[in-house]
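Visitor: I should like to learn how the terms used for a protein model are justified.
Guide: Please look at the model shown here.
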Amino acid sequence: MNRFLSFGIASLFAGLMVSAAPLSAEEFETVSEERATELGCQSCHQGIERFSQGAMQETIEEMGAEVGDPGGCVVCHGGNPAATTKDDAHSGTLASIGENGGPHTFYPDPGALGAAEQACGQCHDGYAERVTKSLMNTEAGKLQGNLWAWGLQKDHKVVYGNYTLTDENGPVPDIGSEKYIEYMTAYVEAHPDQIPSEMQQIPDVDVDQIPKHPNLAGITYSRQQCQRCHVGVNGREKRGDFRGAGCSSCHVPYSNEGLYEGGDPTLSKEQPGRLLAHVMQGTRKTKVQVGDVEYSGIPNESCSSCHNRGKRIGTSYQGIMEFPYGSPYNESGGKQPKLHTKSYTFVKDDLHHQVQSRPGNPQGGLLCQDCHTSIDMHGDGNIFGTTLAQVEIECEDCHGTTNSYPWELPLGHGEEHQQDIGTEPRGLSDELPAFMYFGTEYDPQDGYLLTARGNPYGNVVRKGNKVILHSASGLDFEVPVLKQLSETDGWKSVEAKVAMGAVGQHMESMECYACHADWAPQCYGCHVTVDYSEGKTDIDWIKNANSRGENGLTADAELGTNGIPGPGKVSETRSYLRWETPILGINGEGRVSPLMPGCQVITTVIDKDGNTVVHNETWMTPEGKGLDHAAVQPHTAGRKARSCESCHDNPKTLGYGIEDGRFLLGYEDGHVVELETATGQIIPKQYQTQIQPVPSLDHDLSQIVTRDDEQLVSIGSHWPLTGPLPGAMRAKMERTGLCVGCHQNMVDENLWDKVNSPAFVNNEQHRAVMDKALHAYARERAE
């Protein structure tokens, strides 16, 4: 059974032809001509949910009625509503429907990219083409990061993607406001390596070349492990990973269990891999009813079906991080169910996500789409090669800075790339570009706020000096504005007032989330084995992506198949996991940002003849070992920022490694654990190496730079500005060991007795002493 007969092929008009009784299961294969003429597709699918509501659904049903299908199924799905057999109904074709032609074949999933232009594109013209060129489909950045870490790419130029594509109309965006189009045309021309005019499909691996070039196994690793999440395919059939393709990846709900809970009698409710209900989820105006629950917008978990690996921003936003243990146990003594094939622990969800009623957040949380724009998701018609290239938003777009309201900031604030962006205020907009009118339209009040690139936020408006965000969920929020806090002295702590109001460099050179990211998932060491022996194979997602049939589906769409395999079999594991105090570095925009372990590949490759051609090898990049750290927006924001000490008194944050990199050493030699003499000689003749050596790993994986300013590993692969904190900045920041500045005098008993208290001194009292010492020093200098 194709998973997209799970998607359904009809939209039930409310109360439509209720006099016709539903068919029994054995009657689905054939229906009478009279029933087919009366009900069309609902001859079998009577009871299925209306896909949408309002003008969109009414238009679909009107168009369907013109061709003998009052439910409107054929408008999107094609097929023949007058057919009396299942095979004829699902293979017949109709004449053109609608201005753009409509389906000319049967499309089980009209949202799949091979069908979307004919189906969704009848009304949503251009979306399918833009999505095809977007990162959601090409995954070019992910590919480049892997090739870089495996030593297969030596520069920042985007070359490969999941598909061969050409941007035939040049750098000018297909959509956007006048400000956006002007800004982005210049931006694309300034960054041709990151936003290319064409890309090539990543090639297959010639298995015969593996003994000579074992790092080519990195391509197999990408094709099998990393490329399953793009919207051109359906992805693997695992709990949490079920979804549609193309438009349906986001706009059709799939639960983590992948079970159908709708009313179509032809669809199994026991077989995983099916949509939750035959409904479209989108903006606030489209209400979705599933059982007793009504909602609007796209639930965050729809995004996490893909965004649970790599930067892991989906799961991190929800507050969970993969952990190997699966605890705590359930009532039967079993471990938690695997989600995205992993077990998780709860750390802390992003303050924008917090859906429970909590102090300071009585209503609920934001959906991913409330911040991320249509262009962030669908693209603008250019071929984007990195996340920073496609995403048009910055935190300051809504929150402003301590000196400027959002509308007072210049375009480009937050993504300066160390260039002068001027000071001309970006202003506001009182109208929306044409492509935004498909969404819910809100009253602009005093004007729509603009993104860093000049497009209006259709859901964020100015009201006096307040900023109001309208969530697709139906909730409305007043956004904290930093200039208001500064002018009214509304800071919640002295630390906040100092960090954001008194230290100008923080606001000028740092990303907001450099401090406000509470944590980041840190998966140190990606140990990968690629085994080509004995004809081993696994699913090749790029082969699947490029195997599209006339019905718009790729080979992996068939439930129970997972699609087309490719040579080699990948297995992987980790060195260790952390979450606290992420390292800081410089991101592609030239700002201080959290870093997280990227593609830290430590590789073992076995050729087709069973020979281990490399064992625990790391590969060199132009910047150092391919044990990459990547700049990241972790999506773990907290109202209370990380402490001053966590940066200024923490060698790990500065890039020197946990506790100055003094742990987890000796991996280059491996470790034998056995009976041994005091001088280390192994006593038994028969023993095993407990921890295998990694010959090139002579430092902790959390260390990126030495005290002598030697960069040990690569930092990012996409932008020339990425790197560790510069040496001068590290020297200026570091305040490690300040305690000894005072406490070294404890050895001078006469001096210490004059300042010491025999009673216990708590933190607040300790601070007061230090404050008095500073004022005394100031008076001394004044004299």
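The conversation below takes up a residue, a sheet and a pocket.

Guide: This is a predicted model, in which local features need pLDDT of at least 70, side-chain atom pairs count only at pLDDT 80 or more, and totals for chains, interfaces and linings use all residues. Residues are numbered from 1 along each chain as its sequence is written, and side-chain values use heavy atoms, with hydrogens and water left out.

Visitor: Why is Val 205 called buried?
Guide: Its relative accessible area is 15%, and buried means under 20%, exposed over 50% and partly exposed in between (1.4 Å probe, protein chains only). Val 205 is therefore buried.

Visitor: What makes Tyr 532 a contact of Val 205?
Guide: Contact means heavy atoms within 4.5 Å. Val 205 touches Tyr 532, and also Ile 210, Leu 216, Ile 219 and Thr 220, not counting residues up to four places away in sequence.

Visitor: How do you know that β1 and β3 pair?
Guide: Two strands (DSSP runs of E, at least two residues, numbered from the N terminus) pair if DSSP finds at least two bridges between them. β1 and β3 have 2 bridges, in the parallel sense, so they pair. Tyr 160 has Gln 200 in β3 as its bridge partner.

Visitor: Why are β1 (160–161) and β2 (165–166) called edge strands?
Guide: The open sheet has the order β1-β3-β2, and each of these two strands pairs on one side only.

Visitor: What makes 11 residues in the lining of the second largest pocket charged?
Guide: Asp, Glu, Lys and Arg count as charged; Ala, Val, Leu, Ile, Met, Phe, Trp, Tyr, Cys and Pro count as nonpolar, and the others, Gly among them, as polar. The lining divides into 5 nonpolar, 6 polar and 11 charged residues.

Definitions and conventions: Helices (H or I, at least four residues) and strands (E, at least two) are DSSP runs, numbered from the N terminus.
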